[in-house]
Amino acid sequence: MTSQQIFIGAGLIVVLAVGGQVLAARLRIPAIIVLLPLGFAAGAITDDVHPDRILGPAFAPLVSLAVAVILYDAGLGLDLRHLRGDTRRVVNRLVWGGLVLTTVIAGVTAAPLLGLSAQAAAMLGVILVVSGPTVVGPLLTFVRPEVRLQRILLWEGSLIDAVGGIAGALVFHALLNDRRHGLGGGSGQFLASIGIGLLGGAVGIALLWWLLVRLRLGEILGTTVQLAVVIGVAAGCDAIRDDTGLIAAIATGVAVATLPDFHFAIRRPFFEALVSLVVGVLFISISATVTWDSLRPVVLPALGLVAVLVVVARPLLASLCTIGTELSEGERAFLGWMAPRGIVAAATAATFSAGLASAGIGGAAKILPATFLVIVATVTLYGFTATPVARLLGVVRPARTRPLLVGGDPWVLELGRLLRAAGLEALLWAGRTTQRERIAAAGLDLAEGDLLDCASGEGAETESITAVYLLTGDDEFNALVAVLLAQDEDREVYRLAPAEPMQHGAEAGPSGAVLFGAGLTGADLADRFAHGARLTTRPATTGLPPGHDLLFTVAPDGRLLPGGPGPAGKPGTAAVQILLGPAAGRE
């Protein structure tokens with residue numbers, strides 16, 4: 001290719017990657033639905049968008065490093081301490097049961113349909129295990145299923161990406177080692193690959209601990225450091241043995257998510273932006289390498305494989321994994337109708353298929369086009385049917401607010417109790433240990449981890465948070481966090497009015513984001529509560545009692561409205577007002 005073609009091709013890949021994600025965000029659909037056809041069309045129509053030609057032999061190694069970055073980011077979300085009770089049991093079953101059951105069913109089905117050897121079929125079966133939050137998350141945001149269902153599916157998607165990526169790398173090495181060295185030698189090489197990956201992960205963990213915990217680098221530099229460490233460690237491992245970098249990357253991410261020293265050193269927003277760009281570029285690049293000539297022979301067999309995965313494998317897995325749980329029949333059925341494939345499936349297929357094909361494994365060249373078709377078919381199918389299926393099964397969440405109350409003052413705890421009594425599952429977060437202990441002692445739901453992580457992005461999606469209320473007595477903290485969260489369009493952010501004008505501080509958002517008015521600042525609320533004022537509830541049918549202030553109205557449909565008269569409900573229902581009474585002797 002000429003320099004001009006390389007410039008045009010590289011520029012188009014980035015523009016299409018970002019443009020496709022912007023379009024998908026505006027349409028509120030998974031980005032993959034837009035990116036895959038964009039990349040395929042660009043590769044078919046132009047002679048420039050061909051990353052395998054632009055990069056030559058560097059294409060496959062760069063794809064492997066990009067997958068390592070994605071798996072590291074997936075590992076950052078795998079703090080299992082946040083997953084509890086019955087939900088944790090179902091997720092664990094779906095992940096580990098799905099790894100075995102889906103691999104077996106997909107592999108056994110793919111071998112005769114696609115004409116694959118047993119080795120290629122095993123590789124394809126493992127690749128098709130993965131789903132991923134980059135696909136499941138946008139679908140669930142649009143569908144809005146019950147909170148428990150949303151948590152299960154998001155956790156499954158995050159975990160299965162990592163577990164499937166590791167399993168794919170291990171199967172890949174096992175197949176190559178068995179091919180080259182025989183079963184006995186292959187077992188030794190297989191164990192050696194695991195050892196190299198884990199050793200690389202240990203090196204990555206040590207480097208990140210020194211750079212982020214000891215040196216306390218800032219958010220921006222800390223992001224670039226994470227990227228450099230992950231790529232450097234993965235590249236070093238891959239240089240020793242192919243694709244052991246994937247094992248190193250996921251091991252590093254899981255350790256960083258789990259070890260307490262990293263909790264206040266890791267900030268994910270900037271890294272998530274990098275990963276979003278990597279995902280977009282990777283989708284465009286991989287789909288551009290898929291040609292119509294490679295797709296044509298596998299279209300009908302791949303659709304047959306999709307039918308088996310959708311109608312047999314997933315419903316059977318969901319049925320088995322929910323035995324003995326409290327999930328309703330509708331919830332179990334919806335779990336059986338939600339398993340789209342995503343970026344890790346495409347990337348691992350692109351990474352492993354070429355290596356297996358060059359090793360002479362029969363049918364390996366069909367792995368990438370078959371995976372491409374499975375991704376397109378499953379995302380399209382679930383994307384168009386998830387909402388009507390959820391409504392048919394009765395598992396759509398009502399338009400009920402799930403508030404995150406930020407603050408640990410006594411009046412905030414009392415507000416949390418009243419919201420729970422009114423039917424709202426309020427979640428509380430506080431920064432001080434004593435306040436967190438009070439929240440836990442009161443039996444209220446306590447949010448774990450960093451505030452920004454749980455109030456936005458994947459953390460907020462996992463907890464189904466719809467609105468954030470900044471109720472601390474620190475006006476500058478409230479204003480600053482409100483500014484940081486203002487870019488998240490999926491949830492409303494409110495803060496208390498400051499005690500005095502913040503002429504030199506951060507003003508947060510529009511005036512409508514300020515709660516209650518100037519007469520009820522954080523200091524005023526804490527002072528009145530300390531002097532005997534209490535929060536009470538009453539039907540929104542009459543005027544306010546003397547000396548009382550209206551804080552919130554819980555609408556009949558479960559929406560939490562700051563102040564307001566309270567909308568009329570259906571016959572026999574009424575809005576509920578939450579009032580702050582007068583302090584003792586101040587009526």
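Trainee: Is Thr-87 buried or exposed?

Mentor: Thr-87 has a relative accessible area of 14%, and buried means under 20%, so Thr-87 counts as buried. Keep in mind that this is a predicted model.

Trainee: Where does Thr-87 sit, and which residues is Thr-87 in contact with, leaving aside its neighbours within four places in sequence?

Mentor: You will find Thr-87 in helix H5, which covers residues 85-114. Beyond those close sequence neighbours, Thr-87 touches Arg-148, Arg-151 and Ile-152.

Trainee: Arg-148 sounds worth a look. Which residue forms a salt bridge with Arg-148?

Mentor: First, the general idea: side chains of opposite charge can pair when their charged atoms come close. Here Arg-148 pairs with Glu-331, with 2.9 Å between the closest N and O atoms. This pair links distant parts of the chain, since Arg-148 belongs to helix H8 and Glu-331 to helix H14 (residues 329-335), 183 residues apart. Glu-331 is buried, at 7% relative accessible area, while Arg-148 is partly exposed at 27%.

Trainee: How many salt bridges are there in the count?

Mentor: The count comes to 7. One of them joins Glu-329 and Arg-332, at 3.7 Å from N to O. These two residues are 3 apart in helix H14, which means that about one helical turn separates them. Glu-329 counts as exposed, with 59% relative accessibility. Another salt bridge is formed by Asp-293 and Arg-296, whose closest N and O atoms are 3.4 Å apart. Asp-293 is exposed at 55%, and Arg-296 is partly exposed at 47%.

Trainee: Now for empty space. How many cavities of 30 Å³ or more does a search of the whole structure find?

Mentor: Rolling a probe the size of a water molecule over the atoms shows where empty space is left. In this structure the search finds 2 such cavities. The largest has a volume of about 120 Å³. Its lining has 15 residues, and those nearest its centre are Thr-102, Val-129, Arg-314, Ala-339 and Arg-341. Two or more lining residues come from each of H5, helix H8 (147-214) and helix H13 (299-321). By class, the lining has 9 nonpolar, 3 polar and 3 charged residues.

Trainee: What lines the second largest cavity?

Mentor: That cavity has a volume of about 30 Å³. Its lining residues are Leu-36, Ile-286, Ala-346, Leu-368, Thr-371, Phe-372 and Ile-375. Helix H16 (residues 367-393) gives the most, with 4 residues. Sorted by class, this lining has 6 nonpolar residues, 1 polar and no charged ones.

Conventions:
Residues are numbered from 1 along each chain as its sequence is written. This is a predicted model: local features need pLDDT of at least 70, side-chain atom pairs count only at pLDDT 80 or more; totals for chains, interfaces and linings use all residues. Side-chain values use heavy atoms; hydrogens and water are left out. Buried means under 20% relative accessible area, exposed over 50%, partly exposed in between (1.4 Å probe, protein chains only). Contact means heavy atoms within 4.5 Å. On a 1 Å grid over the protein atoms alone, a cavity is a set of points where a 1.4 Å probe fits but cannot get out, and a pocket is an open set with protein on both sides within 12 Å along at least five of seven lines; lining residues have an atom within 4 Å of a point. Grid points are joined across faces, edges and corners, and a volume is the space filled by probe spheres set on the points. Ala, Val, Leu, Ile, Met, Phe, Trp, Tyr, Cys and Pro count as nonpolar, Asp, Glu, Lys and Arg as charged, and the others, Gly among them, as polar. A salt bridge is a side-chain nitrogen of Lys or Arg within 4 Å of a carboxyl oxygen of Asp or Glu.
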